[in-house]
Amino acid sequence: ASPTTFPILTGDTMTGTTLIQMDGGLDEGDIIVQDSIATDTEDTRYTIEKKLISRSAEQLKRALTHQETGNLQIIKQQNSKATYRRKLTKNDGFISSEFLSSARAGNLCEKSFLPRSLAWYYEKNQNEMYLNVSCARIIDRMARAYGDWPGIWTYLAITGREMRRKLRYMIVKAEKLILTRVQLEGKSPVDYSTFLRAYNIY
């Protein structure tokens, strides 16, 4: 998930794929072939996956050709420069009601508001990628990075019961988050205006 998810989450403009020689460490082997690809603000996890799958196939062909011709060059990996990511969990999609409110108001992101996966990334890598970024942009990145799973969700009290509400579609306008489609736990997705009318939320 790392080369497709975290580059979107952290606002990176590049990601990539690497063919390595396996050793006893985790992703620490020498580099056989390494390529970078550009990302943009429209990319999702799925569009990046398609790009990387295509590039990985090309890398394998290239490596085999170089091996046959004796031109294969192995590069020592600089493990000290590695950044750390982890597998996503269902709870990574949770955003607090305070964070959602800040996103809808157009506020800048604060460290205390960071969603779970981004808070972990910051602590592990000391990367202040959230500085001067609006909460709305952070949620937009999460939506593009997480896709259907884990998705983005928050809790909402409905008729005295706390239920999970999934944010399906949204737009960012003037750095403010505008919800367009949501899905309440156990229900089908609906337009946000329909959702508000159905549950008398104003």
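**Sheet, core and aromatic groups in a predicted model**

Strand β4 (residues 161-173) runs antiparallel to strand β5 (residues 176-184), and eight bridges join the two. The model described here is predicted. Across this pairing, I171 faces I178 of β5. The hairpin that links β4 and β5 has two residues between the strands, and A174 in this hairpin adopts a positive phi near 55°.

On from this hairpin, β5 also pairs with strand β6 (residues 190-191), again in the antiparallel sense, over two bridges. Here R181 stands opposite D191 of β6. Five residues lie between the strands in the hairpin of β5 and β6, where G186 has a positive phi near 80°. Strand β4 has a further partner in β3: six bridges hold this antiparallel pair, and T154 stands opposite R165 of β4. Taken together, the four strands make an open sheet with antiparallel pairing, in the order β3-β4-β5-β6. The edges are taken by β3 (153-158) and β6; each has a single partner strand, so one side of each lacks a neighbour in the sheet.

Attention turns next to the packing of nonpolar residues. In soluble globular proteins, nonpolar side chains tend to be buried together. The largest nonpolar core in this model has 36 residues, of which I95, I139, L167 and L177 touch the most other members. Helix α5 (residues 135-146) provides the largest share of this core, with seven residues. The surroundings of L177 give a good view of this packing: setting aside neighbours within four places in sequence, L177 contacts L100, A103, R104, A136, I139, M170, I171 and V172.

One of these contacts, L100, deserves a closer look. L100 belongs to helix α3 (residues 97-105) and counts as buried, at 5% relative accessibility. Beyond residues up to four places away in sequence, L100 touches I95, I139, T154, R165, L167 and L177. Among these contacts are T154 and R165, the two residues that stand opposite each other in the pairing of β3 with β4. R85 is 15 residues from L100 along the chain, and their C-alpha atoms are separated by 24 Å.

Which cysteine sulfur is closest to that of C109? The closest is the sulfur of C135, at 4.6 Å, which is too far for a bond. C135 is accordingly in no disulfide, with the sulfur of C109 as its nearest cysteine sulfur. A disulfide is a covalent bond between the sulfur atoms of two cysteines. With a cut-off of 2.5 Å between sulfur atoms, the count of disulfides comes to zero. Both cysteines are nonetheless away from the surface: C109 is buried, with a relative accessible area of 7%, and C135 is buried at 0% relative accessibility.

Aromatic residues supply another set of contacts, and the structure holds five aromatic pairs. One of them joins Y192 and F195, which are stacked, with 6.2 Å centre to centre and 15° between the planes. Because Y192 and F195 are three residues apart in helix α6 (residues 192-198), about one helical turn separates them. Both residues are buried. F195 also pairs with Y199, in a tilted arrangement with centres 5.2 Å apart and 45° between the planes. Is each partner in this second pair buried or partly exposed? F195 is buried, at 2% relative accessibility, whereas Y199 is partly exposed, with a relative accessible area of 29%.

Elsewhere, F94, W153 and Y155 come together in one aromatic cluster. The ring of W153 has a charged companion as well: the charged end of R164 sits over this ring, 5.0 Å from its centre.

The final element considered is helix α1 (residues 2-9), which is mostly covered, with six of its eight residues buried. The buried residues of α1 are T4, T5, F6, P7, I8 and L9. What covers these residues? The cover includes β1 (14-20), α2 (45-69), α4 (116-125) and α5. Helix α5 thus recurs here, having also contributed seven residues to the largest nonpolar core. After α1 comes G11, with a positive phi near 75°.

Definitions and conventions: Residues numbered from 1 in each chain as written. Predicted model: local features only at pLDDT ≥ 70, side-chain atom pairs only at ≥ 80, totals over all residues. Heavy atoms only, no water. Pairing = 2+ DSSP bridges. Buried < 20%, exposed > 50% of the residue type's maximum accessible area, 1.4 Å probe, protein only. Contact = heavy atoms within 4.5 Å. Phe/Tyr/Trp six-rings, centres within 6.5 Å; stacked < 30°, edge-to-face > 60°. Lys NZ or Arg CZ within 6 Å of the ring centre and 35° of its normal. Core = buried A, V, L, I, M, F, W, Y, C linked by side-chain atoms within 4.5 Å.
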